[in-house]
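Subject: Structure for you to look at

Hello,

Here is the structure I promised to pass on. Please open it and keep it beside you as you read the notes below.

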Amino acid sequence: MDLPEAATTQLTPDLRICRLLNGLWQVSGAHGAIDRRAAIEDMVAYHDAGFTTWDLADHYGPAEDFIGEFRRRMAANRGVEALATIQAFTKWVPEPGRMTRQIVEENIKISLRRMAVDALDLLQFHWWDYSDANYLAALRYLAELRDEGKIRHLALTNFDTEHLRIIVEHGIRVVSNQVQYSLIDRRPEVQMSQFCQAHDIQLLTYGTVGGGLLSESYLGQPEPTRGVLTTASLRKYKQMVDAWGGWGLFQELLSSLKHVADKHGVGIANVAVRYILDRPAVAGVIVGTRLGVAEHREDNARSFNVILDAEDHAEIERVLAKSRDLYQLIGDCGDEYRR
Ligand SMILES: NC(=O)c1ccc[n+]([C@@H]2O[C@H](COP(=O)([O-])OP(=O)(O)OC[C@H]3O[C@@H](n4cnc5c(N)ncnc54)[C@H](OP(=O)(O)O)[C@@H]3O)[C@@H](O)[C@H]2O)c1
């Protein structure tokens with residue numbers, strides 16, 4: 001399977017990525033058991049299919065170690081040059097509190113060691129509590145580590161527009177913000193996208209296929225109970241669907257998406273992904289992968305072949321217009337994570 005040229009983009013002038021990133025929260029344990037050997041083999045298969053960009057975090061169970069093992073495997077089998085074709089983006093999610101250079105550096109060193117890299121391609125910083133302004137100190141130390149070569153690019157996850165603005169005004173350069181963004185959750189469109197476009201910051205999105213809810217598997221199905229939803233991801237996005245408009249409206253959306261998908265000879269998930277890939281400021285969509293358990297490579301590659309036209313957008317919009325305003329209900333991007 002060869003991905004088209006349009007499947008990749010420059011996240012920064014020196015960092016080319018696949019616009020569909022492989023998300024590794026799914027190996028954390030909250031989505032069922034993962035076999036290490038099968039997982040690493042699957043990582044090679046993703047890479048060979050063109051899905052060369054990974055999204056992970058310090059707290060996603062063994063995800064950083066998997067990157068380390070995958071890199072060692074690639075170097076042993078294909079030579080160290082092959083490592084330049086992998087992009088691995090991690091996160092640092094510290095507890096709020098005083099931030100010193102030592103605390104920041106020690107945590108970054110752990111990720112460097114686990115991932116077996118000399119420099120982190122992209123470090124995405126998360127902060128739980130805006131009433132604690134130490135996030136600015138943490139970001140200043142992270143910027144120092146970037147300038148010293150331990151981090152290639154500094155980025156954020158789940159920051160709202162107000163605090164992204166504060167960071168930019170403090171002269172701290174970040175290249176991207178990772179946020180929830182889907183047909184269900186369009187909060188980034190209220191102000192985040194515009195701010196990002198104005199400041200050359202890109203969005204990496206999650207929740208775009210709603211843990212799998214935005215697919216044929218749930219079309220025409222009765223409302224699933226919590227017990228039926230077997231991954232943390234499905235449970236998370238079912239709650240979003242409930243807040244957004246409920247299962248009845250969600251079925252209307254799935255029916256419209258199916259109509260659009262059939263017209264283009266693709267699946268519902270492809271339309272859901274394409275819709276977000278086409279939004280302003282979006283560099284990439286992260287799709288979670290339960291390595292060694294389930295894979296949707298060929299299916300998801302079809303997202304790159306769809307062009308949604310005005311008629312498709314109008315049909316989708318007719319349903320979205322009936323939904324509740326999640327920005328009013330929850331707040332800006334990431335507000336659901338604030339303590
Ligand atoms: N920054 C943050 O706070 C944050 C939060 C959440 C997630 N993330 C990132 O985003 C990644 C994605 O996580 P997510 O929770 O948003 O999950 P997601 O990508 O919305 O859902 C992943 C699941 O969707 C299903 N799926 C994928 N492609 C499909 C297709 N073509 N057809 C049908 N089903 C398909 C798969 O289910 P099966 O495995 O059952 O087949 C897969 O496990 C995470 O791994 C993580 O990297 C970040």
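Start with the polar contacts of the ligand. In this predicted model, a backbone N or O atom of Gly-212 lies 3.4 Å from a ligand oxygen atom. Gly-288 also takes part through its backbone: one of its polar atoms there is 2.8 Å from an oxygen atom of the ligand. Tyr-337 uses its side chain instead, with an N or O atom 3.3 Å from a ligand oxygen. How much of the ligand does the protein bury? The ligand exposes 910 Å² when taken alone, and the protein buries 91% of that.

Next, the shell. Which residues are closest to the ligand? They are Gln-26, Asp-55, Ser-233, Arg-290 and His-296, out of 29 residues that surround the ligand. By class, 11 of the shell residues are nonpolar, 14 are polar and four are charged. Three elements each supply at least two shell residues: helix 7 (232-244), strand 10 (282-288) and helix 10 (297-301). Strand 10 gives the largest share, with three residues.

Now the space itself. The ligand takes up the largest pocket. That pocket holds about 970 Å³ of space. Its lining comes to 47 residues, and those nearest the centre are Gln-26, Gly-211, Ser-233, Tyr-237 and Gly-288. Helix 7, helix 9 (268-277), strand 10 and helix 10 are the elements that give two or more residues to this lining. Helix 7 has the largest share here, four residues. By class, the lining of the largest pocket splits into 17 nonpolar, 24 polar and six charged residues.

Some names come up twice. Gln-26 and Ser-233 are among the residues closest to the ligand, and both are also among those nearest the centre of the largest pocket. Gly-288 makes its backbone contact with the ligand and is likewise listed near the pocket centre.

Then there are the cavities. How many turn up at 30 Å³ or more? A search of the whole structure finds two.

The largest cavity has a volume of about 100 Å³. It is lined by 13 residues, and Asn-22, Tyr-46, Val-287, His-296 and Asn-300 are the closest to its centre. Strand 3 (20-23), strand 10 and helix 10 each supply at least two residues of that lining. Strand 3 has the largest share, three residues. By class, the lining has six nonpolar, five polar and two charged residues. Look at His-296 in particular. His-296 is among the residues closest to the centre of this cavity, and among those closest to the ligand as well.

The second largest cavity contains about 60 Å³ of space. Its lining includes Gln-180, Ser-182, Asp-185, Leu-213, Tyr-237, Met-240, Val-241 and Phe-250. Which element gives the most to this lining? Helix 7 does, with three residues. The classes here are seven nonpolar, four polar and one charged. Tyr-237 lines this second cavity, and is also one of the residues nearest the centre of the largest pocket.

If you want one thread to follow through the model, take helix 7. Helix 7 supplies at least two residues of the ligand shell. Helix 7 also has the largest share of the largest pocket's lining, and gives the most to the lining of the second largest cavity.

Best wishes

Key
Residues are numbered from 1 along each chain as its sequence is written. This is a predicted model: local features need pLDDT of at least 70, side-chain atom pairs count only at pLDDT 80 or more; totals for chains, interfaces and linings use all residues. Side-chain values use heavy atoms; hydrogens and water are left out. A residue is near a molecule or strand if one of its heavy atoms lies within 4 Å of it. A polar contact is a pair of N or O atoms within 3.5 Å; within protein, one must be able to donate a hydrogen and the other to accept it, and residues adjacent in sequence count only if both atoms are side-chain atoms. Accessible areas come from the Shrake-Rupley method with a 1.4 Å probe; for residues, only the protein chains shown count as cover. On a 1 Å grid over the protein atoms alone, a cavity is a set of points where a 1.4 Å probe fits but cannot get out, and a pocket is an open set with protein on both sides within 12 Å along at least five of seven lines; lining residues have an atom within 4 Å of a point. A molecule sits in a cavity or pocket if more than half of its atoms lie within 2 Å of its grid points. Ala, Val, Leu, Ile, Met, Phe, Trp, Tyr, Cys and Pro count as nonpolar, Asp, Glu, Lys and Arg as charged, and the others, Gly among them, as polar. Grid points are joined across faces, edges and corners, and a volume is the space filled by probe spheres set on the points.
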